[in-house]
Amino acid sequence: MITIALPKGRLTEEATELFQRSSLISIDISQETRKLVLEDPRGNLRFLMVKPFDVPTYVEYGIADMGIVGKDVLLEVNKKVYELLDLKIGKCFIALAGPKGLREELLKKSEKIIATKFPNITKEYFENVLGEDVQIIKLNGSVELAPILGLSDMIVDIVESGRTLRENGLEVYEKLYDISARLIINRASLKLKSEIEGVVNCLERMILQ
Ligand SMILES: Nc1ncnc2c1ncn2[C@@H]1O[C@H](COP(=O)(O)OP(=O)(O)OP(=O)(O)O)[C@@H](O)[C@H]1O
Ligand SMILES: O=P(O)(O)OC[C@H]1O[C@H](OP(=O)(O)OP(=O)(O)O)[C@H](O)[C@@H]1O
């Protein structure tokens, strides 16, 4: 039996579709359900529905053998897992953004305040890339509100279409990382469970189609 941690939320549909299309499972895991553990009747695969930020934790501790999670989460949490495949779904990017037209002024400011869901990515970017110390305010969502209301100067956040930024009078200042969902594997499971290779190969074929 292989246990797979799937992210509840935006990635659920595309992630479950990969397994559905690959014929690895016979149940419809995309059906809306409150069940947090879903087992395929054939008994080969079991799915855990967890919060995106918890996927690497379940995989690192071996509760799940593998998981699907955004690269943003992997960059932020830095867990000891193997990143095996770029699944080419959930594409977006992480950006430094702020009020439209104020880029030069704010980048010159000496004591910058940055609001973000990603404090580690933000700290790493400002310290290692720009060589600056900044004050970071951790938020859990609606990050675009922070510079509008004066909580921060700028934000580091996910951008996909750019619509949320636009509709709130903000713009991208710098693109930091391209993001997509990744397949991650527990280190011991990869050595001990030979069936994992079959699942990985199947998913790889799905991505190439
Ligand atoms: N607007 C977006 N477009 C495309 N992909 C996105 C977008 N926002 C987030 N993602 C990707 O989808 C993943 C899951 O996002 P989702 O919005 O479901 O959860 P979350 O808001 O990060 O977590 P939580 O449920 O804990 O608030 C993210 O980690 C990222 O990789
Ligand atoms: O560029 P866009 O296509 O507008 O997408 C970007 C938005 O999507 C995500 O937010 P989400 O919808 O997950 O809400 P959240 O603010 O609660 O995290 C992200 O944090 C941006 O706010």
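**Notebook: ligand shell, sheet and strand pairs**

I began with ligand 1 and found that the shell around it draws at least three residues from each of domain 1 (2-91 + 179-208) and domain 2 (92-178). I note here that the model is predicted, and I read the entries below with that in mind.

I next looked up which residues come nearest to ligand 1, and among the 16 residues around it these are Gly9, Arg10, Gly70, Cys92 and Glu160. Sorting the shell around ligand 1 by residue class, I obtained 8 nonpolar, 4 polar and 4 charged residues.

I then turned to the sheet, which is open, has 6 strands in the order S2-S3-S1-S4-S11-S5, and shows mixed pairing. At its edges I found strand S2 (37-39) and strand S5 (82-86), each of which pairs on one side only. For the twist I noted that neighbouring strands of this sheet are turned by 25° against each other on average, with direction ignored.

Within that sheet I followed one pair in detail: strand S1 (residues 2-7) and strand S3 (residues 45-50) run parallel and are joined by 6 bridges. As a residue to locate this pair on screen I took leucine 6, whose bridge partner in S3 is methionine 49.

I also checked which helices pack on the sheet. Helix H9 (residues 195-208) does so, touching S1, S4, S5 and S11, and its direction makes about 30° with that of S5. Helix H1 (residues 12-21) lies across S1, strand S4 (66-70) and strand S11 (181-185), and I noted that H1 runs at about 150° to S1.

My next entry concerns strand S6 (residues 92-99), which runs antiparallel to strand S10 (residues 170-179) and is joined to it by 8 bridges. Proline 99 has leucine 170 as its bridge partner in S10. S6 also pairs with strand S9 (residues 154-159), again in the antiparallel sense, over 5 bridges, and here I picked out isoleucine 94, whose bridge partner in S9 is isoleucine 158. As a reminder to myself, strands of a sheet pair through backbone hydrogen bonds, either parallel or antiparallel.

Last, I consulted the UniProt record, an unreviewed entry, which lists residues 51-203 under "domain: ATP phosphoribosyltransferase catalytic". For that span I noted 36% helix and 31% strand, with the end C-alpha atoms of residues 51-203 lying 22 Å apart.

How values were computed: Residues numbered from 1 in each chain as written. Chains lettered and ligands numbered in written order. Predicted model: local features only at pLDDT ≥ 70, side-chain atom pairs only at ≥ 80, totals over all residues. Pairing = 2+ DSSP bridges. Helix = DSSP H or I, 4+ residues; strand = E, 2+ residues; numbered from the N terminus. Axes fitted to C-alpha atoms, helices over the stretch in contact; angles between N-to-C directions. Contact = placed C-beta atoms within 7 Å. UniProt positions renumbered as here; feature names shortened; annotations may be inferred. Near = placed C-beta within 6 Å. Nonpolar A, V, L, I, M, F, W, Y, C, P; charged D, E, K, R; others polar. Domains from an automatic or database assignment.
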